[in-house]
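User: I am new to this structure and would like to learn how to read it, one feature after another. Could you take me through it slowly?

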Amino acid sequence: MLRCRRLLVALLASAASLGLRSALAAEDPCAVKLFRWQEDCRNLRARAAALGALGRLRYLPLNTSGSVWLTLGAEYRLKTEYYNAPDFFLRPAFERYTALGERVLLHADLRTAQGFRVFVQLDGATEANRKPLYFPFDRTRPDIAQAFVDVRLLDTTVLRVGRQELDSGGNRLISTRDAGNLRLALDMAHLESRISGFDAVAFYGRPVLNQRGAFDDSGNPGEKFLGGWVQRALGSGSGAPAINVFFLSRDRNRAVYEQGVAADDRRTIGLRASGAAPRWDYALQASHQYGSFGSTDISADGVAGDVGWHPAILGHARVAASFGYASGDSNPRDNRLGTFDVLYPNLGYFTDAPVFYPGNTVDFQPNVTVELAPPLRLRAGSDIIHRLSKHDAVYTTPGVPLIPGTGTGSSYVTALRYLRGDWTPRPGSTVTLSYVHGDAGSLIRSAGGHPFSYLTFSLDVRL
(Lines give C-alpha, C1' and ligand atoms only; values in the text may rest on other atoms or scores of the structure.)
Protein backbone atom coordinates (compact mmCIF):
# COMPACT_ATOMS: atom_id res chain seq x y z
CA MET A 1 0.00 0.00 0.00
CA LEU A 2 2.94 2.35 0.76
CA ARG A 3 4.19 1.90 -2.80
CA CYS A 4 0.75 2.79 -4.16
CA ARG A 5 0.69 5.98 -2.09
CA ARG A 6 4.17 6.91 -3.33
CA LEU A 7 2.95 6.32 -6.87
CA LEU A 8 -0.02 8.62 -6.23
CA VAL A 9 2.26 11.42 -5.04
CA ALA A 10 4.53 10.97 -8.06
CA LEU A 11 1.63 11.00 -10.50
CA LEU A 12 0.06 14.10 -8.99
CA ALA A 13 3.36 15.95 -8.88
CA SER A 14 4.16 15.03 -12.47
CA ALA A 15 0.73 16.05 -13.72
CA ALA A 16 0.94 19.36 -11.89
CA SER A 17 4.45 20.22 -13.07
CA LEU A 18 4.40 19.01 -16.65
CA GLY A 19 0.74 19.20 -17.69
CA LEU A 20 -1.06 17.37 -20.41
CA ARG A 21 -3.47 19.99 -21.68
CA SER A 22 -2.40 19.76 -25.30
CA ALA A 23 -2.40 15.96 -25.37
CA LEU A 24 -5.57 15.39 -23.37
CA ALA A 25 -8.04 17.91 -24.74
CA ALA A 26 -11.62 16.73 -24.63
CA GLU A 27 -11.94 16.52 -28.42
CA ASP A 28 -8.57 14.81 -28.84
CA PRO A 29 -8.71 11.11 -29.84
CA CYS A 30 -5.73 10.67 -27.51
CA ALA A 31 -7.69 12.05 -24.54
CA VAL A 32 -8.06 9.79 -21.49
CA LYS A 33 -11.18 7.62 -21.76
CA LEU A 34 -12.97 5.08 -19.58
CA PHE A 35 -11.84 2.32 -21.95
CA ARG A 36 -8.14 3.06 -22.34
CA TRP A 37 -7.83 0.92 -25.46
CA GLN A 38 -10.04 3.45 -27.28
CA GLU A 39 -7.34 6.11 -27.10
CA ASP A 40 -5.52 6.71 -30.39
CA CYS A 41 -2.46 8.91 -30.03
CA ARG A 42 -1.14 8.90 -33.59
CA ASN A 43 -2.09 12.58 -33.90
CA LEU A 44 0.68 13.45 -31.41
CA ARG A 45 3.27 12.73 -34.09
CA ALA A 46 2.74 16.16 -35.67
CA ARG A 47 3.46 17.96 -32.40
CA ALA A 48 5.90 15.56 -30.74
CA ALA A 49 8.51 18.28 -30.26
CA ALA A 50 6.12 20.38 -28.16
CA LEU A 51 5.13 17.58 -25.77
CA GLY A 52 6.31 17.41 -22.19
CA ALA A 53 7.91 14.35 -20.63
CA LEU A 54 4.59 12.66 -19.85
CA GLY A 55 3.16 13.62 -23.21
CA ARG A 56 6.03 11.84 -24.94
CA LEU A 57 5.04 8.61 -23.19
CA ARG A 58 1.74 8.82 -25.05
CA TYR A 59 3.51 8.60 -28.40
CA LEU A 60 6.81 6.72 -28.68
CA PRO A 61 7.72 6.11 -32.37
CA LEU A 62 9.52 2.81 -32.89
CA ASN A 63 10.71 3.40 -36.47
CA THR A 64 11.83 6.39 -38.51
CA SER A 65 8.60 6.66 -40.53
CA GLY A 66 6.41 6.69 -37.41
CA SER A 67 4.22 3.87 -38.74
CA VAL A 68 4.86 1.84 -35.57
CA TRP A 69 4.44 3.49 -32.17
CA LEU A 70 3.88 2.74 -28.50
CA THR A 71 1.50 4.47 -26.08
CA LEU A 72 1.97 4.10 -22.32
CA GLY A 73 -0.62 4.98 -19.68
CA ALA A 74 -1.48 4.52 -16.02
CA GLU A 75 -4.36 4.84 -13.58
CA TYR A 76 -4.47 5.12 -9.82
CA ARG A 77 -7.54 5.06 -7.59
CA LEU A 78 -7.74 5.55 -3.84
CA LYS A 79 -11.16 4.73 -2.41
CA THR A 80 -12.51 4.54 1.10
CA GLU A 81 -16.07 3.65 2.06
CA TYR A 82 -18.19 3.17 5.15
CA TYR A 83 -21.24 0.88 5.17
CA ASN A 84 -23.09 0.50 8.45
CA ALA A 85 -25.68 -2.15 7.49
CA PRO A 86 -24.76 -4.28 4.42
CA ASP A 87 -27.89 -5.76 2.85
CA PHE A 88 -29.95 -4.06 5.58
CA PHE A 89 -28.35 -6.55 8.04
CA LEU A 90 -30.54 -9.30 6.58
CA ARG A 91 -27.53 -11.59 6.19
CA PRO A 92 -26.27 -12.56 9.64
CA ALA A 93 -22.66 -12.98 8.47
CA PHE A 94 -22.39 -9.36 7.39
CA GLU A 95 -21.11 -6.60 9.66
CA ARG A 96 -20.63 -2.89 9.29
CA TYR A 97 -17.23 -1.97 7.92
CA THR A 98 -14.89 0.78 6.84
CA ALA A 99 -12.73 -0.12 3.85
CA LEU A 100 -9.68 1.43 2.24
CA GLY A 101 -8.79 0.25 -1.23
CA GLU A 102 -6.28 1.16 -3.92
CA ARG A 103 -6.07 0.18 -7.57
CA VAL A 104 -3.20 0.65 -10.01
CA LEU A 105 -3.52 -0.05 -13.75
CA LEU A 106 -0.58 0.16 -16.15
CA HIS A 107 -0.95 -0.33 -19.89
CA ALA A 108 1.11 -0.43 -23.06
CA ASP A 109 -0.49 -0.06 -26.50
CA LEU A 110 1.61 -1.07 -29.52
CA ARG A 111 0.06 0.10 -32.81
CA THR A 112 0.92 0.09 -36.49
CA ALA A 113 -0.44 2.16 -39.35
CA GLN A 114 -1.51 -1.10 -41.05
CA GLY A 115 -3.94 -1.89 -38.18
CA PHE A 116 -2.05 -4.60 -36.29
CA ARG A 117 -2.03 -3.89 -32.59
CA VAL A 118 -1.12 -5.40 -29.20
CA PHE A 119 -2.64 -4.00 -25.99
CA VAL A 120 -1.58 -5.16 -22.51
CA GLN A 121 -2.86 -3.83 -19.19
CA LEU A 122 -1.68 -4.98 -15.75
CA ASP A 123 -3.55 -4.33 -12.52
CA GLY A 124 -2.77 -4.40 -8.84
CA ALA A 125 -5.29 -3.89 -6.06
CA THR A 126 -5.17 -3.71 -2.28
CA GLU A 127 -8.11 -3.82 0.11
CA ALA A 128 -8.08 -3.33 3.88
CA ASN A 129 -10.79 -3.89 6.50
CA ARG A 130 -13.43 -4.92 3.99
CA LYS A 131 -15.61 -7.97 4.62
CA PRO A 132 -14.57 -10.37 1.83
CA LEU A 133 -17.92 -12.17 1.93
CA TYR A 134 -19.67 -9.05 0.73
CA PHE A 135 -17.24 -8.01 -2.01
CA PRO A 136 -15.55 -11.21 -3.20
CA PHE A 137 -13.99 -9.44 -6.20
CA ASP A 138 -11.82 -7.07 -4.17
CA ARG A 139 -8.56 -8.47 -2.84
CA THR A 140 -4.82 -8.04 -3.09
CA ARG A 141 -3.59 -9.57 -6.33
CA PRO A 142 -1.52 -8.48 -9.34
CA ASP A 143 -2.86 -9.87 -12.60
CA ILE A 144 -3.45 -9.28 -16.30
CA ALA A 145 -6.45 -6.98 -16.64
CA GLN A 146 -6.39 -6.99 -20.46
CA ALA A 147 -4.18 -8.52 -23.15
CA PHE A 148 -5.43 -8.67 -26.72
CA VAL A 149 -4.38 -8.45 -30.35
CA ASP A 150 -6.16 -6.42 -33.04
CA VAL A 151 -6.03 -7.50 -36.68
CA ARG A 152 -7.58 -5.35 -39.40
CA LEU A 153 -9.29 -7.72 -41.84
CA LEU A 154 -10.72 -5.02 -44.11
CA ASP A 155 -10.61 -1.22 -44.10
CA THR A 156 -13.66 -1.12 -41.81
CA THR A 157 -13.46 -4.50 -40.04
CA VAL A 158 -11.33 -5.35 -37.00
CA LEU A 159 -10.94 -8.69 -35.20
CA ARG A 160 -9.85 -8.49 -31.56
CA VAL A 161 -8.79 -11.65 -29.69
CA GLY A 162 -7.74 -12.01 -26.06
CA ARG A 163 -8.71 -10.71 -22.62
CA GLN A 164 -10.61 -7.44 -22.92
CA GLU A 165 -13.31 -5.18 -21.57
CA LEU A 166 -16.51 -4.94 -23.59
CA ASP A 167 -17.81 -1.51 -24.57
CA SER A 168 -21.53 -2.10 -25.09
CA GLY A 169 -22.29 1.47 -26.15
CA GLY A 170 -24.38 2.21 -23.06
CA ASN A 171 -26.34 -1.06 -22.98
CA ARG A 172 -27.67 -1.33 -19.42
CA LEU A 173 -27.17 -5.12 -19.33
CA ILE A 174 -23.36 -5.03 -19.64
CA SER A 175 -21.20 -3.02 -17.26
CA THR A 176 -17.49 -2.76 -16.56
CA ARG A 177 -18.26 -3.27 -12.85
CA ASP A 178 -16.17 -0.22 -12.00
CA ALA A 179 -17.60 0.12 -8.48
CA GLY A 180 -15.30 -2.74 -7.40
CA ASN A 181 -11.55 -2.89 -7.63
CA LEU A 182 -11.65 -5.57 -10.33
CA ARG A 183 -13.47 -4.72 -13.53
CA LEU A 184 -15.46 -7.11 -15.70
CA ALA A 185 -13.25 -8.60 -18.42
CA LEU A 186 -13.83 -11.45 -20.84
CA ASP A 187 -11.58 -13.89 -22.66
CA MET A 188 -13.19 -13.52 -26.06
CA ALA A 189 -13.08 -12.94 -29.78
CA HIS A 190 -14.60 -9.61 -30.79
CA LEU A 191 -15.44 -8.57 -34.37
CA GLU A 192 -16.55 -5.05 -35.27
CA SER A 193 -17.34 -3.52 -38.64
CA ARG A 194 -18.82 -0.40 -40.18
CA ILE A 195 -20.76 -0.85 -43.41
CA SER A 196 -22.90 1.77 -45.18
CA GLY A 197 -23.48 3.75 -41.99
CA PHE A 198 -24.22 0.70 -39.82
CA ASP A 199 -21.97 -0.28 -36.91
CA ALA A 200 -22.01 -4.03 -36.26
CA VAL A 201 -20.42 -6.02 -33.41
CA ALA A 202 -20.26 -9.76 -32.72
CA PHE A 203 -18.43 -11.48 -29.85
CA TYR A 204 -17.97 -14.83 -28.14
CA GLY A 205 -16.20 -15.54 -24.87
CA ARG A 206 -16.22 -16.30 -21.16
CA PRO A 207 -16.10 -13.86 -18.24
CA VAL A 208 -12.79 -13.86 -16.40
CA LEU A 209 -12.88 -15.87 -13.19
CA ASN A 210 -10.89 -13.85 -10.64
CA GLN A 211 -8.69 -16.17 -8.61
CA ARG A 212 -6.96 -15.27 -5.35
CA GLY A 213 -3.41 -15.77 -6.58
CA ALA A 214 -1.21 -13.67 -8.85
CA PHE A 215 -1.48 -14.09 -12.64
CA ASP A 216 -3.85 -17.06 -12.31
CA ASP A 217 -7.16 -15.65 -13.62
CA SER A 218 -8.87 -17.59 -16.40
CA GLY A 219 -12.11 -17.77 -18.35
CA ASN A 220 -14.99 -19.12 -16.25
CA PRO A 221 -15.61 -22.72 -17.42
CA GLY A 222 -19.14 -22.59 -15.97
CA GLU A 223 -20.28 -19.63 -18.03
CA LYS A 224 -20.21 -18.41 -21.62
CA PHE A 225 -21.39 -15.17 -23.14
CA LEU A 226 -21.94 -14.29 -26.79
CA GLY A 227 -23.97 -11.93 -28.90
CA GLY A 228 -23.81 -8.74 -30.87
CA TRP A 229 -25.65 -5.69 -32.07
CA VAL A 230 -26.26 -3.45 -35.07
CA GLN A 231 -26.47 0.30 -34.60
CA ARG A 232 -27.23 3.21 -36.90
CA ALA A 233 -27.11 6.93 -36.25
CA LEU A 234 -30.09 8.80 -37.72
CA GLY A 235 -28.17 11.96 -38.43
CA SER A 236 -24.77 13.57 -38.00
CA GLY A 237 -23.08 14.93 -34.91
CA SER A 238 -22.36 13.45 -31.49
CA GLY A 239 -25.95 13.89 -30.24
CA ALA A 240 -27.72 12.48 -33.29
CA PRO A 241 -30.44 9.92 -32.52
CA ALA A 242 -29.18 6.33 -32.69
CA ILE A 243 -31.02 3.01 -32.84
CA ASN A 244 -29.37 -0.17 -31.54
CA VAL A 245 -30.79 -3.69 -31.99
CA PHE A 246 -29.00 -6.33 -29.91
CA PHE A 247 -28.93 -10.05 -29.13
CA LEU A 248 -27.17 -11.52 -26.08
CA SER A 249 -26.80 -15.17 -25.04
CA ARG A 250 -25.61 -16.14 -21.57
CA ASP A 251 -25.31 -19.75 -20.35
CA ARG A 252 -24.51 -20.52 -16.71
CA ASN A 253 -24.10 -23.90 -15.08
CA ARG A 254 -25.69 -22.57 -11.90
CA ALA A 255 -28.12 -19.74 -11.16
CA VAL A 256 -30.25 -18.98 -8.09
CA TYR A 257 -33.79 -17.61 -8.11
CA GLU A 258 -36.84 -17.89 -5.87
CA GLN A 259 -37.82 -20.86 -8.02
CA GLY A 260 -34.65 -22.77 -7.12
CA VAL A 261 -31.14 -23.54 -8.31
CA ALA A 262 -30.46 -24.85 -11.82
CA ALA A 263 -28.59 -24.23 -15.06
CA ASP A 264 -29.67 -21.00 -16.75
CA ASP A 265 -29.48 -20.72 -20.55
CA ARG A 266 -30.87 -17.29 -21.35
CA ARG A 267 -31.29 -15.34 -24.60
CA THR A 268 -31.96 -11.60 -24.66
CA ILE A 269 -33.25 -9.58 -27.60
CA GLY A 270 -33.70 -5.86 -27.30
CA LEU A 271 -33.83 -2.36 -28.73
CA ARG A 272 -32.05 0.76 -27.50
CA ALA A 273 -32.62 4.36 -28.62
CA SER A 274 -30.55 7.34 -27.54
CA GLY A 275 -29.87 10.92 -28.51
CA ALA A 276 -29.24 14.45 -27.32
CA ALA A 277 -30.25 18.00 -28.18
CA PRO A 278 -29.35 21.38 -26.65
CA ARG A 279 -32.15 21.07 -24.09
CA TRP A 280 -32.84 17.31 -23.89
CA ASP A 281 -31.07 13.95 -23.80
CA TYR A 282 -32.49 10.47 -23.55
CA ALA A 283 -31.57 6.77 -23.49
CA LEU A 284 -34.35 4.17 -23.64
CA GLN A 285 -33.99 0.39 -23.70
CA ALA A 286 -36.42 -2.54 -23.84
CA SER A 287 -35.55 -6.27 -23.70
CA HIS A 288 -37.23 -9.66 -23.79
CA GLN A 289 -35.62 -12.83 -22.44
CA TYR A 290 -36.32 -16.45 -23.29
CA GLY A 291 -34.55 -19.78 -22.85
CA SER A 292 -34.51 -22.42 -20.14
CA PHE A 293 -33.91 -22.61 -16.40
CA GLY A 294 -33.44 -26.27 -15.61
CA SER A 295 -36.58 -27.93 -17.01
CA THR A 296 -38.65 -24.71 -17.04
CA ASP A 297 -39.00 -22.06 -19.74
CA ILE A 298 -37.87 -18.46 -19.34
CA SER A 299 -40.09 -15.56 -20.34
CA ALA A 300 -39.10 -12.21 -18.85
CA ASP A 301 -39.07 -8.54 -19.81
CA GLY A 302 -37.07 -5.47 -18.88
CA VAL A 303 -37.37 -1.76 -19.62
CA ALA A 304 -34.99 1.01 -18.56
CA GLY A 305 -34.53 4.63 -19.40
CA ASP A 306 -33.05 7.98 -18.52
CA VAL A 307 -34.45 11.31 -19.75
CA GLY A 308 -32.83 14.64 -18.94
CA TRP A 309 -33.86 18.28 -19.40
CA HIS A 310 -31.24 21.06 -19.50
CA PRO A 311 -32.85 24.35 -18.50
CA ALA A 312 -31.02 27.55 -19.36
CA ILE A 313 -30.27 28.53 -15.79
CA LEU A 314 -27.17 29.15 -13.72
CA GLY A 315 -25.17 26.04 -13.04
CA HIS A 316 -25.91 24.19 -16.28
CA ALA A 317 -28.49 22.05 -14.49
CA ARG A 318 -29.83 18.73 -15.70
CA VAL A 319 -33.24 17.76 -14.32
CA ALA A 320 -33.78 14.08 -15.01
CA ALA A 321 -35.85 10.99 -14.38
CA SER A 322 -34.42 7.49 -14.55
CA PHE A 323 -36.55 4.38 -14.35
CA GLY A 324 -36.35 0.62 -14.62
CA TYR A 325 -38.64 -2.38 -14.87
CA ALA A 326 -37.34 -5.93 -14.43
CA SER A 327 -40.13 -8.51 -14.40
CA GLY A 328 -40.66 -10.97 -11.58
CA ASP A 329 -41.98 -14.50 -11.31
CA SER A 330 -45.66 -14.75 -10.40
CA ASN A 331 -45.58 -18.46 -9.48
CA PRO A 332 -42.33 -20.17 -8.41
CA ARG A 333 -43.97 -23.60 -8.65
CA ASP A 334 -45.03 -23.55 -12.29
CA ASN A 335 -42.97 -24.41 -15.40
CA ARG A 336 -42.16 -20.80 -16.29
CA LEU A 337 -39.51 -18.44 -14.86
CA GLY A 338 -40.49 -14.80 -15.20
CA THR A 339 -37.58 -13.17 -13.32
CA PHE A 340 -35.59 -10.81 -15.54
CA ASP A 341 -31.80 -11.25 -15.35
CA VAL A 342 -29.77 -8.05 -15.74
CA LEU A 343 -26.72 -10.11 -16.82
CA TYR A 344 -23.71 -7.95 -15.82
CA PRO A 345 -25.19 -4.89 -14.11
CA ASN A 346 -23.54 -1.76 -12.84
CA LEU A 347 -24.64 -1.92 -9.21
CA GLY A 348 -23.50 1.68 -8.77
CA TYR A 349 -25.56 2.94 -11.72
CA PHE A 350 -28.34 4.61 -9.73
CA THR A 351 -26.36 5.37 -6.56
CA ASP A 352 -22.80 4.64 -5.47
CA ALA A 353 -24.04 2.15 -2.87
CA PRO A 354 -23.91 -1.32 -4.50
CA VAL A 355 -27.17 -2.50 -2.93
CA PHE A 356 -29.82 -2.42 -5.65
CA TYR A 357 -29.91 -5.54 -7.81
CA PRO A 358 -32.65 -5.22 -10.46
CA GLY A 359 -34.94 -8.25 -10.77
CA ASN A 360 -38.62 -8.43 -9.79
CA THR A 361 -38.45 -4.66 -9.31
CA VAL A 362 -39.74 -1.39 -10.66
CA ASP A 363 -37.94 1.78 -9.68
CA PHE A 364 -38.17 5.47 -10.36
CA GLN A 365 -35.38 7.98 -9.73
CA PRO A 366 -35.88 11.73 -9.96
CA ASN A 367 -32.52 13.50 -9.84
CA VAL A 368 -30.87 16.86 -10.43
CA THR A 369 -27.31 17.55 -11.55
CA VAL A 370 -25.79 21.02 -11.26
CA GLU A 371 -22.40 22.09 -12.58
CA LEU A 372 -21.42 24.87 -10.18
CA ALA A 373 -18.19 25.55 -12.04
CA PRO A 374 -16.52 23.66 -14.90
CA PRO A 375 -14.58 21.40 -12.49
CA LEU A 376 -17.33 20.90 -9.82
CA ARG A 377 -20.55 18.91 -10.28
CA LEU A 378 -23.23 18.04 -7.72
CA ARG A 379 -25.93 15.43 -8.12
CA ALA A 380 -28.84 14.62 -5.80
CA GLY A 381 -31.82 12.31 -6.10
CA SER A 382 -33.83 9.44 -4.72
CA ASP A 383 -34.31 5.97 -6.18
CA ILE A 384 -37.70 4.57 -5.08
CA ILE A 385 -37.87 0.79 -5.42
CA HIS A 386 -40.89 -1.56 -5.33
CA ARG A 387 -41.08 -5.30 -5.96
CA LEU A 388 -43.42 -6.45 -8.71
CA SER A 389 -44.44 -9.92 -7.55
CA LYS A 390 -44.94 -10.80 -3.88
CA HIS A 391 -44.34 -14.44 -4.85
CA ASP A 392 -40.81 -13.66 -6.08
CA ALA A 393 -37.80 -12.64 -4.01
CA VAL A 394 -36.11 -9.32 -3.44
CA TYR A 395 -32.65 -9.91 -4.90
CA THR A 396 -29.24 -8.68 -3.86
CA THR A 397 -25.70 -8.86 -5.19
CA PRO A 398 -24.58 -11.03 -6.92
CA GLY A 399 -28.17 -11.79 -8.01
CA VAL A 400 -29.36 -14.09 -5.22
CA PRO A 401 -32.56 -13.92 -3.12
CA LEU A 402 -32.38 -11.64 -0.08
CA ILE A 403 -36.04 -11.58 1.05
CA PRO A 404 -38.11 -14.60 -0.06
CA GLY A 405 -41.45 -14.13 -1.79
CA THR A 406 -44.21 -15.42 0.47
CA GLY A 407 -47.15 -13.84 -1.34
CA THR A 408 -47.72 -11.35 1.48
CA GLY A 409 -46.27 -8.11 2.77
CA SER A 410 -45.65 -4.70 1.28
CA SER A 411 -44.54 -4.07 -2.30
CA TYR A 412 -42.40 -1.11 -1.23
CA VAL A 413 -38.75 -2.11 -0.74
CA THR A 414 -36.70 1.03 -0.11
CA ALA A 415 -35.84 4.56 -1.21
CA LEU A 416 -32.16 5.31 -1.79
CA ARG A 417 -31.57 9.02 -1.22
CA TYR A 418 -28.17 10.27 -2.29
CA LEU A 419 -25.92 13.27 -2.75
CA ARG A 420 -22.73 13.16 -4.80
CA GLY A 421 -20.05 15.69 -5.64
CA ASP A 422 -17.38 15.35 -8.35
CA TRP A 423 -14.45 17.73 -8.63
CA THR A 424 -12.29 17.48 -11.77
CA PRO A 425 -9.34 19.83 -11.35
CA ARG A 426 -7.81 18.68 -14.65
CA PRO A 427 -8.61 16.11 -17.37
CA GLY A 428 -8.07 12.61 -16.05
CA SER A 429 -8.16 13.53 -12.34
CA THR A 430 -11.37 13.35 -10.27
CA VAL A 431 -12.22 13.61 -6.58
CA THR A 432 -15.61 12.16 -5.57
CA LEU A 433 -17.56 12.29 -2.32
CA SER A 434 -20.90 10.47 -2.08
CA TYR A 435 -23.50 9.71 0.59
CA VAL A 436 -26.46 7.31 0.31
CA HIS A 437 -29.20 6.54 2.83
CA GLY A 438 -31.50 3.56 2.37
CA ASP A 439 -34.89 3.40 4.07
CA ALA A 440 -36.20 0.21 5.64
CA GLY A 441 -39.92 -0.12 4.95
CA SER A 442 -42.29 -2.61 6.53
CA LEU A 443 -41.13 -5.40 4.19
CA ILE A 444 -37.48 -5.05 5.24
CA ARG A 445 -38.30 -4.51 8.92
CA SER A 446 -40.61 -7.53 9.08
CA ALA A 447 -37.71 -9.61 7.73
CA GLY A 448 -35.46 -8.26 10.51
CA GLY A 449 -33.67 -5.57 8.49
CA HIS A 450 -32.58 -2.03 9.30
CA PRO A 451 -31.97 1.19 7.34
CA PHE A 452 -28.41 1.84 6.19
CA SER A 453 -26.00 4.66 5.47
CA TYR A 454 -23.20 4.49 2.93
CA LEU A 455 -20.39 7.02 2.54
CA THR A 456 -17.55 6.88 0.05
CA PHE A 457 -14.61 9.04 -0.99
CA SER A 458 -12.43 8.35 -4.02
CA LEU A 459 -9.51 9.93 -5.85
CA ASP A 460 -8.87 8.92 -9.47
CA VAL A 461 -5.80 9.89 -11.49
CA ARG A 462 -5.44 8.78 -15.13
CA LEU A 463 -2.41 9.51 -17.27
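Analyst: What follows is a walk through a predicted model, going from the overall make-up to single residues and the pairs they form.

User: Let us begin with the overall make-up. How many helices and strands does the protein have, and what share of its residues is buried?

Analyst: The protein has three helices and 23 strands, and of its 463 residues, 49% are buried. The area that the protein exposes is about 20,700 Å², and carbon and sulfur atoms supply 62% of that area.

User: And how should I read the contacts along the chain? What percentage of those between residues at least 6 apart join residues at least 24 apart?

Analyst: When only contacts between residues at least 6 apart in sequence are considered, 58% of them join residues at least 24 apart. For a single case of positions separated along the chain, take Leu34 and Gly428, which are 394 residues apart in sequence while their C-alpha atoms are separated by 9.6 Å.

User: Where does Leu34 sit, and which residues does it contact beyond its neighbours in sequence?

Analyst: Leu34 belongs to the loop between helix H1 (2–18) and helix H2 (53–57). Once neighbours within four places in sequence are left aside, Leu34 is in contact with Asp178, Arg183 and Arg462. Its relative accessibility is 37%, and because that value lies between the 20% and 50% cut-offs, Leu34 counts as partly exposed.

User: Is Glu39 buried or exposed, and where is it placed?

Analyst: Glu39 is also found in the loop between H1 and H2, yet it counts as buried because its relative accessibility is 2%, which is under the 20% cut-off. Beyond its neighbours within four places in sequence, Glu39 has a list of contacts that includes Cys30, Arg58, His107, Asp109 and Arg111.

User: Cys30 makes me think of disulfides. How many does the structure hold, and which residues form a disulfide?

Analyst: The structure holds one disulfide, and it is formed by Cys30 and Cys41, whose sulfur atoms are 2.0 Å apart. Cys30 and Cys41 are eleven residues apart, and each lies in the loop between H1 and H2. The link of Cys30 and Cys41 is right-handed, with 75 degrees about the S-S bond, and both cysteines are buried.

User: How do I read the charged side chains, and how many salt bridges are counted?

Analyst: As a general idea, side chains of opposite charge can pair when their charged atoms come close. Here the count comes to 28 salt bridges. One of them joins Arg183 and Glu75, with the closest N and O atoms 3.9 Å apart. Arg183 lies in the loop between strand E6 (157–164) and strand E7 (186–195), whereas Glu75 lies in strand E2 (residues 68–83), so this pair ties together parts that are 108 residues apart in sequence. Arg183 and Glu75 are both buried.

User: Which residue forms a salt bridge with Arg160, and is Arg160 buried or exposed?

Analyst: Arg160 pairs with Glu192, and their closest N and O atoms are 3.7 Å apart. The two are 32 residues apart, with Arg160 in strand E6 and Glu192 in strand E7. Arg160 is buried, its relative accessible area being 3%, whereas Glu192 is partly exposed at 28%.

User: What about Asp341, and which residue is its salt-bridge partner?

Analyst: Asp341 forms a salt bridge with Arg250, the closest N and O atoms being 3.0 Å apart. Asp341 lies in the loop between strand E16 (336–337) and strand E17 (361–373), and Arg250, 91 residues away in sequence, is in strand E11 (residues 242–257). Asp341 counts as buried at 4% relative accessibility, and Arg250 is buried at 7%. Salt bridges that share partners also join residues into one network, among them Asp40, Asp109, Arg160 and Glu192.

User: Finally, how do I read the nonpolar side chains, and how many residues are in the largest nonpolar core?

Analyst: In soluble globular proteins, nonpolar side chains tend to be buried together. The largest nonpolar core has 28 residues, and Leu166, Leu173, Phe203, Phe225, Leu248 and Phe293 touch the most other members. The elements that give two or more residues to this core include E7, strand E8 (198–209) and E11, and E11 gives the most, with four residues. Leu173 touches, among others beyond four places away in sequence, Phe246, Leu248, Phe340 and Tyr344. A second, separate core of 23 residues includes Ala353, Val394, Val436 and Ile444.

Notes
Residues are numbered from 1 along each chain as its sequence is written. This is a predicted model: local features need pLDDT of at least 70, side-chain atom pairs count only at pLDDT 80 or more; totals for chains, interfaces and linings use all residues. Side-chain values use heavy atoms; hydrogens and water are left out. Buried means under 20% relative accessible area, exposed over 50%, partly exposed in between (1.4 Å probe, protein chains only). Contact means heavy atoms within 4.5 Å. Accessible areas come from the Shrake-Rupley method with a 1.4 Å probe; for residues, only the protein chains shown count as cover. A salt bridge is a side-chain nitrogen of Lys or Arg within 4 Å of a carboxyl oxygen of Asp or Glu. A nonpolar core is a set of buried Ala, Val, Leu, Ile, Met, Phe, Trp, Tyr and Cys residues joined through side-chain atoms within 4.5 Å. A disulfide is a pair of cysteine sulfur atoms within 2.5 Å.
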